[in-house]
Amino acid sequence: MTRVRRVLLVILLAAVLGVRLIGRFGDEDDAADKANDTGPSGASAITVRDAWVHAIAGSSGITGAFMIIENSGGAADRLLSAGVSAEIAGAVEIHETTVGEDQAMRMRPVEGVDVPAGGSVKLEPGGIHLMLLDMKRDLTPGETLTLTLTFASGVQLEVSASVRAPE
Ligand SMILES: [Cu+2]
């Protein structure tokens with residue numbers, strides 16, 4: 001009996017997760033429809049939300065920045081580079097996380113990140129992220145950094161990212 005219940009619970013969980021996934025795709029479809037209604041709007045099609053940076057202390061030297069980049073326009077775009085004040089970090093790279101045959105997680109720089117027309121891309125821990133290197137000081141939860149993102153379309157965005165403590 002308990003086994004049956006456990007199986008039912010798993011099916012229920014899968015159903016809930018499935019619905020949530022479908023819900024997300026639904027939202028993206030809506031965004032795409034809106035973009036189609038207004039047509040390609042040029043320079044302001046790219047927006048960023050939920051930008052945050054991992055807090056660091058004790059001169060760990062590097063940290064990660066994460067966000068959701070949305071493209072409401074009719075043309076694909078591509079994040080080419082990111083920057084931050086030289087008082088904060090010496091360099092910013094775009095990284096992807098890969099899992100090797102030995103199951104170890106590694107990061108490597110990538111040339112850019114595609115943001116599809118009417119779509120979005122999520123930069124997140126364990127996935128694509130911005131890597132701040134050669135950190136000049138600690139980052140304390142509650143403070144805000146300004147990141148500059150440069151896209152292939154020529155769009156340059158200033159993004160406010162809040163510093164958050166590790167969970
Ligand atoms: Cu990295």
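In this short talk I will go through the fold, the copper site, the core and some salt bridges of one protein chain.

Please keep in mind that this is a predicted model, in which local features need pLDDT of at least 70 and side-chain atom pairs count only at pLDDT 80 or more, while totals for chains, interfaces and linings use all residues. Residues are numbered from 1 along each chain as its sequence is written, and side-chain values use heavy atoms, with hydrogens and water left out.

Let me start with the fold. The protein chain has 1 helix and 10 strands, where helices (H or I, at least four residues) and strands (E, at least two) are DSSP runs numbered from the N terminus. Along the sequence, the helix comes before the strands. Of the 167 residues, 30% count as buried, and here buried means under 20% relative accessible area, exposed over 50%, and partly exposed in between, with a 1.4 Å probe and protein chains only.

Now to the metal. Which atoms coordinate the copper ion? They are ND1 of His95, SD of Met107, NE2 of His129 and SD of Met131, at 2.1 to 2.4 Å; donors are N, O and S atoms within 2.8 Å of the metal (3.2 Å for Na, K and Ca), and since water is not among the atoms, sites may look incomplete. The 4 donor atoms subtend angles of 88 to 123°, so the arrangement is tetrahedral, a word used for four donors if all angles lie between 85 and 135 degrees. Two of these donors link distant parts of the chain, as His95 lies in strand β4 (residues 89-99) and His129 in strand β8 (residues 129-135), 34 residues apart. His95 counts as buried because its relative accessibility is 6%, and His129 counts as buried at 3%.

Next, the core. The largest nonpolar core, meaning a set of buried Ala, Val, Leu, Ile, Met, Phe, Trp, Tyr and Cys residues joined through side-chain atoms within 4.5 Å, has 31 residues, and those with the most contacts inside it are Ile69, Leu130, Leu132 and Leu149. Strand β9 (residues 144-151) gives the largest share of this core, with 4 residues.

Finally, the structure holds 8 salt bridges, each being a side-chain nitrogen of Lys or Arg within 4 Å of a carboxyl oxygen of Asp or Glu. One of them joins Glu70 to Arg49, with the closest N and O atoms 2.9 Å apart. Glu70 lies in strand β2 (residues 63-71) and Arg49 in strand β1 (residues 46-54), so this pair ties together parts that are 21 residues apart in sequence.

Technical notes:
Four donors count as tetrahedral if all angles lie between 85 and 135 degrees; four count as square planar and six as octahedral if opposite donors are over 155 degrees apart and all others between 65 and 115; anything else is irregular.
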